[in-house]
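Thank you all for making the time this morning. I would like to walk you through one structure, so please have the sequence and the three-dimensional view open in front of you.

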Amino acid sequence: MRFDVITLFPELFAPFLSSGINRRAFESGAVELKLWQLRDFSEGTYRRVDDRPFGGGPGMVMMAEPLEKCLLAIRQDRIAQNPKEAKVPVVLFSPIGQTLTHAGVASWSQSDGAILICGRYEGLDQRFIDAHVDAQISLGDFVLSGGEIAAIALLDAIARLQPGVLNDEVSHQMDSFNPALDGLLDCGHYTRPEIWHGETVPPILMSGHHADIAKWRRQQSLTLTQKHRPDLIEWARKMGKLSAKDEHFLAHFAVSAPDKT
């Protein structure tokens, strides 16, 4: 798959591409990433890509013309690389976009890629968005200085799902929100030393009884999710993901949990 990124700061991606386990996805070509400097498609001595908003107000707005020129160049480049390639969606990182979830990442990880636009300033000229943007993505209810961090977050999540990237091929299946955990939060994990600052590792994890360990981890997952993300419990219940044993445990947890009111 190939992702093209339109950005004013391509240098922000360099550490991401050369560090950590996920770099394997880019070095192997499992995920191809091409960065496009938007100023290369602007005119004039100063290579302007933004201007003041009509109607007044603070900040600047990214101009439609250089964005469209860059987008067309990307389309031509992709066709030259693969004449049979289907048109991939244009994605804008925006506060009004749909919040990115594990399901969304999993879908993108099996796609042909996309063209990612990293906005800056007060955003893009709405006419360009209306004409060319197919999807908008948000990381949450907060505003970043630009879309580069959001693009890196998406690419990082996609890269780690590619075969051969993680040392353990199935490790990502036990991540929080993964269908293998029925969309729940992962349980806590422990490693050496067995005693740290007087706190010991839960004895069950030292027992060697795999069935008991799996049961304990499921209960810990249920506990953490009920405590921190009860909405995920309700979703799992609605989707039929909770067993009778799960429901019995949750009922006991609700009774035994301390009342903080």
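Let me begin with Glu148, which, leaving aside residues up to four places away in sequence, touches Thr7, Leu8, Phe9, Leu12, Phe13, Cys118 and Arg120. Please keep in mind throughout that this is a predicted model. Glu148 belongs to helix α6, and its side chain makes a polar contact with the side chain of Thr7 at 2.6 Å. Is Glu148 buried or exposed? Its relative accessibility is 1%, and therefore Glu148 counts as buried.

That brings me to the helix itself. Helix α6 covers residues 148–159, which is 12 residues, and from its first C-alpha to its last it reaches 16 Å, close to the 16 Å expected at 1.5 Å a residue. The helix is mostly covered, with nine of its 12 residues buried, and among these buried residues, besides Glu148, you will find Ile152, Leu154, Leu155 and Ile158, as well as alanines including Ala150 and Ala157.

What does α6 pack on? To answer that, I should first describe the sheet, which is an open one built of five strands in the order β2-β1-β6-β5-β7, with parallel pairing. The edges are taken by β2, residues 32–37, and β7, residues 135–138, and because each has a single partner strand, one side of each is left without a neighbour in the sheet. From one strand to the next, the twist averages 35 degrees. Helix α6 packs on this sheet, where it touches β1, β2, β5, β6 and β7, and the direction of the helix makes about 170 degrees with that of β1.

Staying with β1, which spans residues 2–7, we find six bridges joining this strand to β2, and the two run parallel. One detail there is worth pointing out on the screen: Ile6 has Trp36 in β2 as its bridge partner. With a relative accessibility of 11%, Trp36 counts as buried, since the cut-off for that term is under 20%.

Now to the aromatic rings, of which the structure holds two pairs. In one of them, the ring centres of Phe16 and Phe26 are 5.3 Å apart and the planes stand at 70 degrees, so this pair is edge-to-face. This pair links distant parts of the chain, with Phe16 in helix α1, residues 14–18, and Phe26 in helix α2, residues 23–27, 10 residues apart. Both Phe16 and Phe26 are buried. The other pair brings us back to Trp36, whose ring centre is 6.2 Å from that of Phe41, and because the planes are at 40 degrees, the pair is described as tilted.

Finally, I would like to turn to Asp182, which is found in the loop between α6 and β8. At 16% relative accessibility Asp182 counts as buried, and its side chain makes a polar contact with the side chain of Arg218 at 2.9 Å. Not counting residues up to four places away in sequence, Asp182 touches Arg218, Trp235, Ala236 and Lys241.

How far apart are Trp235 and Asp182 in sequence and in space? They are separated by 53 residues in sequence, while from C-alpha to C-alpha they are 9.3 Å apart. Trp235 has its place in helix α8, residues 230–238, and because its relative accessibility is 39%, Trp235 counts as partly exposed. With the same sequence neighbours left out, Trp235 touches Asp182, Gly183 and Lys241.

Technical notes
Residues are numbered from 1 along each chain as its sequence is written. This is a predicted model: local features need pLDDT of at least 70, side-chain atom pairs count only at pLDDT 80 or more; totals for chains, interfaces and linings use all residues. Side-chain values use heavy atoms; hydrogens and water are left out. Helices (H or I, at least four residues) and strands (E, at least two) are DSSP runs, numbered from the N terminus. The expected span of a helix is 1.5 Å times one less than its number of residues. Buried means under 20% relative accessible area, exposed over 50%, partly exposed in between (1.4 Å probe, protein chains only). Rings of Phe, Tyr and Trp (its six-membered ring) pair if their centres lie within 6.5 Å; planes under 30 degrees apart count as stacked, over 60 as edge-to-face and the rest as tilted. A polar contact is a pair of N or O atoms within 3.5 Å; within protein, one must be able to donate a hydrogen and the other to accept it, and residues adjacent in sequence count only if both atoms are side-chain atoms. Contact means heavy atoms within 4.5 Å. Two strands pair if DSSP finds at least two bridges between them. Axes are lines fitted to C-alpha atoms, for helices over the stretch in contact, and angles run from 0 to 180 degrees between N-to-C directions.
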